[in-house]
Amino acid sequence: MYKHFFKGLFDFILSLIAFPFLILIIFIVGIMIKIDDGGPIFYTAKRIGKNGKLFKMVKFRSMKVNAPDIRLADGSTYNGEDDPRVTKIGKILRKTSIDELPQILNVLTFKMSFIGPRPDPEDWLDKYTDEERVFLTVRPGITGYSQAYFRNDADGKQKIVNDVYYAKHCTLWMDIKVFFKTIVVVLKKENTFKDTKEEVDANKQVEALKEAEKEVK
């Protein structure tokens with residue numbers, strides 16, 4: 001009953017309560033982003049939602065305009081501390097996870113939940129096995145079981161395993177634990193960046209970007 005009804009009801013009520021505060025945050029952060037590089041305030045991208053339906057996820061833009069997409073060997077997004085694609089303000093937004101807050105708008109429109117599997121890019125949809133697709137029975141979340149307990153330590157496949165576990169054991173008590181665990185992880189800044197020492201291809205792309213920026217300067 002919780003998973004199929006009360007969870008969505010709680011999401012809607014909480015997102016309505018959070019909406020006025022979100023507007024204030026958007027105003028403040030929007031000014032900071034504009035001062036930083038003058039580009040768009042928001043970043044939107046197609047993500048996989050409940051039952052495999054695509055939706056546009058919204059975040060505060062933390063990368064430079066037209067930054068290239070760099071993926072790791074497992075297909076997940078590169079997330080390094082020295083990523084030259086990230087703006088000065090973007091580094092702060094990412095470390096504090098403030099860049100994720102606009103997704104409250106996605107929760108308000110029933111595309112996302114506060115707690116649930118983090119939504120994957122649209123090209124992942126064909127990679128899931130039938131057994132893995134069970135996690136698509138719940139709305140993707142702003143934070144989730146894998147995000148809270150493993151953050152960026154889990155690779156693409158391990159994240160899916162964690163998401164399947166969450167979907168099969170989704171309860172109010174689990175969501176409460178994930179919520180408070182997320183707060184602890186964010187405050188302690190645990191596992192903010194993925195360890196990419198062995199991700200040679202991604203690192204080569206990052207180094208090439210750095211060299212290109214030096215030449216421009």
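This is a short walk through the fold, one hairpin, one helix pair and the empty spaces of a single protein chain.

Okay, hi everyone. Before anything else, keep in mind that what you have on screen is a predicted model.

Let me start with the overall layout. The protein chain has 217 residues, and buried ones make up 45% of them. There are 7 helices and 4 strands, and if you read along the sequence the order goes α-β-β-α-α-β-β-α-α-α-α. Now take the contacts between residues at least 6 apart in sequence: 72% of those join residues at least 24 apart.

So, on to the helix pair. Helix α1 covers residues 2–37 and helix α2 covers residues 88–96; their axes come within 8 Å, crossing at roughly 145°. Which residues of α1 and α2 meet? From α1 you have V29, M32, I33 and D36, and from α2 you have K88, I89 and L93. Sort that contact by class and you get 5 nonpolar residues, 2 charged ones and no polar ones.

Next, the hairpin. Strand β1, residues 42–48, pairs with strand β2, residues 54–60, in the antiparallel sense, over 7 bridges. If you want one pair to click on, K46 has K56 in β2 as its bridge partner. Between the two strands sit 5 residues, and in that hairpin N51 takes a positive phi near 60°.

Stay in that loop for a moment, since G52 is there too, between β1 and β2. Is G52 buried or exposed? Its relative accessibility is 15%, and the cut-off for buried is under 20%, so G52 counts as buried. And what does G52 touch, apart from its neighbours within four places in sequence? The contacts are L125 and L136. L136 is 84 residues away along the chain, yet the C-alpha atoms of G52 and L136 are separated by 6.2 Å.

L136 brings me to the cavities. The count is 2 cavities of 30 Å³ or more, and the largest holds about 60 Å³ of space. L136 is part of the lining of that largest cavity, along with I48, G49 and K50, then P117, R118, P119 and D120, and finally Y128, F135, V138 and P140. By class, the lining comes out as 8 nonpolar, 1 polar and 3 charged residues.

Now for the open spaces. The largest pocket has a volume of about 1,200 Å³. Its lining takes in 47 residues, and those nearest the centre are R47, K59, T77, Y78 and R94. The hairpin shows up again here: β1 and β2 each supply at least two lining residues, as do α4 (145–149) and α5 (156–168). The lining splits into 16 nonpolar, 14 polar and 17 charged residues.

The second largest pocket has about 830 Å³ of space. There, 32 residues form the lining, with F114, I115, I142, T143 and F179 closest to the centre. Which elements give two or more residues to this lining? They are α1, β3 (113–115), β4 (141–143), α4 and α6 (172–188). So α4 turns up in the lining of the largest pocket and in that of the second largest one. By class, this second lining has 21 nonpolar, 6 polar and 5 charged residues.

That's my tour. If you have the model open, go back to G52 in the loop between β1 and β2 and follow its contacts to L125 and L136.

How values were computed
Residues are numbered from 1 along each chain as its sequence is written. This is a predicted model: local features need pLDDT of at least 70, side-chain atom pairs count only at pLDDT 80 or more; totals for chains, interfaces and linings use all residues. Side-chain values use heavy atoms; hydrogens and water are left out. Axes are lines fitted to C-alpha atoms, for helices over the stretch in contact, and angles run from 0 to 180 degrees between N-to-C directions. Contact means heavy atoms within 4.5 Å. Ala, Val, Leu, Ile, Met, Phe, Trp, Tyr, Cys and Pro count as nonpolar, Asp, Glu, Lys and Arg as charged, and the others, Gly among them, as polar. Two strands pair if DSSP finds at least two bridges between them. On a 1 Å grid over the protein atoms alone, a cavity is a set of points where a 1.4 Å probe fits but cannot get out, and a pocket is an open set with protein on both sides within 12 Å along at least five of seven lines; lining residues have an atom within 4 Å of a point. Grid points are joined across faces, edges and corners, and a volume is the space filled by probe spheres set on the points. Buried means under 20% relative accessible area, exposed over 50%, partly exposed in between (1.4 Å probe, protein chains only).
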